[in-house]
Amino acid sequence: RVDICELLDELSHIFQHKAQKGVSFSVECKFDQLEIFADRKRLFQVLTNLVSNSIKFTTGGYIKVTADIEEFDGMRMVAVTVEDTGMGIPKEKLDSIFERFVKLNDLSEGTGLGLTICNSIVQKHKGTIEVKSSYGAGSKFIVRIPA
């Protein structure tokens with residue numbers, strides 16, 4: 001059993017002071033406790049990667065991490081959303097963002113494997129990961145894991 005609210009609290013303690021000046025960082029769990037069956041370490045890896053990316057690409061505005069329960073494809077799912085007002089993802093990259101070695105640009109740090117690994121972990125949990133983004137305006141990643 002993994003308490004998503006506890007996981008988000010831990011994320012908040014780690015990342016609260018890492019956001020750039022001028023960027024508000026908030027974490028909200030819609031419940032006091034929100035438990036699922038999952039590999040805590042791997043799920044934490046997914047959320048850490050998504051928040052790290054948001055911090056890396058957001059120089060102003062906000063980064064919000066929220067957790068809630070929703071119906072998705074006829075199933076009850078825990079949805080964790082990481083939303084930011086960062087640089088966003090170019091439209092031509094959106095379809096390939098979860099593929100291996102895809103980076104936003106040549107100046108981006110990393111290998112381009114982080115989102116691929118996130119996608120794989122989420123799929124092994126029988127969940128989904130989705131991105132909505134507008135280049136220049138920010139991104140929203142939604143991770144859904146069966147409740």
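## Starting from Leu8

Leu8 touches Val27, Glu28, Cys29, Leu47, Val65, Thr66, Ala67 and Val80, leaving aside residues up to four places away in sequence. Here, contact means heavy atoms within 4.5 Å.

Before going on, a word about the model. It is a predicted one, where local features need pLDDT of at least 70 and side-chain atom pairs count only at pLDDT 80 or more, while totals for chains, interfaces and linings use all residues. Residues are numbered from 1 along each chain as its sequence is written, and side-chain values use heavy atoms, with hydrogens and water left out.

## The nonpolar core

Leu8 also appears in the largest nonpolar core, which has 37 residues. A nonpolar core is a set of buried Ala, Val, Leu, Ile, Met, Phe, Trp, Tyr and Cys residues joined through side-chain atoms within 4.5 Å. Buried stands for under 20% relative accessible area, exposed for over 50%, and partly exposed for what lies in between (1.4 Å probe, protein chains only). Which members touch the most other members? They are Ile4, Leu8, Leu50, Val51 and Val80.

Two or more residues of this core come from each of α1, β2 (23-29), α2, β4 (61-72), β5 (75-84), α4, β6 (128-134) and β7 (138-146). These labels follow DSSP runs numbered from the N terminus: helices are H or I with at least four residues, and strands are E with at least two. The largest share of the core, 7 residues, is given by α2.

## Helix α1 meets helix α2

Now look at helix α1 (residues 4-15) beside helix α2 (residues 40-57): their axes come within 11 Å and cross at roughly 40 degrees. That makes α1 oblique to α2. Angles under 35 degrees count as roughly parallel, over 145 as roughly antiparallel, 65 to 115 as roughly perpendicular, and the rest as oblique. Axes are lines fitted to C-alpha atoms, for helices over the stretch in contact, and angles run from 0 to 180 degrees between N-to-C directions.

The crossing of α1 and α2 is right-handed; that is the case when the near helix is turned clockwise from the far one by less than a right angle, and an anticlockwise turn is left-handed. From α1, the residues in contact are Ile4, Glu6, Leu7, Leu8, Glu10, Leu11, Ile14 and Phe15, and they meet Arg40, Leu43, Phe44, Leu47, Thr48, Val51, Ser52 and Ile55 of α2. Sorted by class, this contact has 11 nonpolar, 2 polar and 3 charged residues. For these classes, Ala, Val, Leu, Ile, Met, Phe, Trp, Tyr, Cys and Pro are nonpolar, Asp, Glu, Lys and Arg are charged, and the others, Gly among them, are polar.

His13 is also found in α1, and at 61% relative accessibility this histidine counts as exposed. His13 and Val27 are 14 residues apart in sequence, with 9.9 Å between their C-alpha atoms.

## Helix α2 meets helix α4

Helix α2 also packs with α4, at an angle of about 145 degrees and with the axes 9 Å apart. This crossing is left-handed. On the α2 side the contact uses Arg42, Leu43, Gln45, Val46, Asn49, Leu50 and Asn53, and on the α4 side Gly114, Leu115, Ile117, Cys118, Ile121 and Val122. By class, that gives 8 nonpolar, 4 polar and 1 charged residues.

Which residues of α4 are buried? They are Leu115, Thr116, Cys118, Asn119, Ile121 and Val122, and their cover includes α2, β6 and β7. Ser120 lies in α4 (residues 114-124) too, but is partly exposed, with a relative accessible area of 32%.

## Strand β5 and two loops

In strand β5 you can find Thr81, a buried residue with a relative accessible area of 14%. Thr81 touches Lys64, Val65, Thr66, Lys140, Phe141 and Ile142, again not counting residues up to four places away in sequence.

Gly86 sits in the loop between β5 and α3 (91-94) and is buried, at 5% relative accessible area. Finally, turn to Asp73, in the loop between β4 and β5. Asp73 is exposed, at 69% relative accessibility, and has a positive phi of about 50 degrees although it is not a glycine. Most residues other than glycine have a negative phi.
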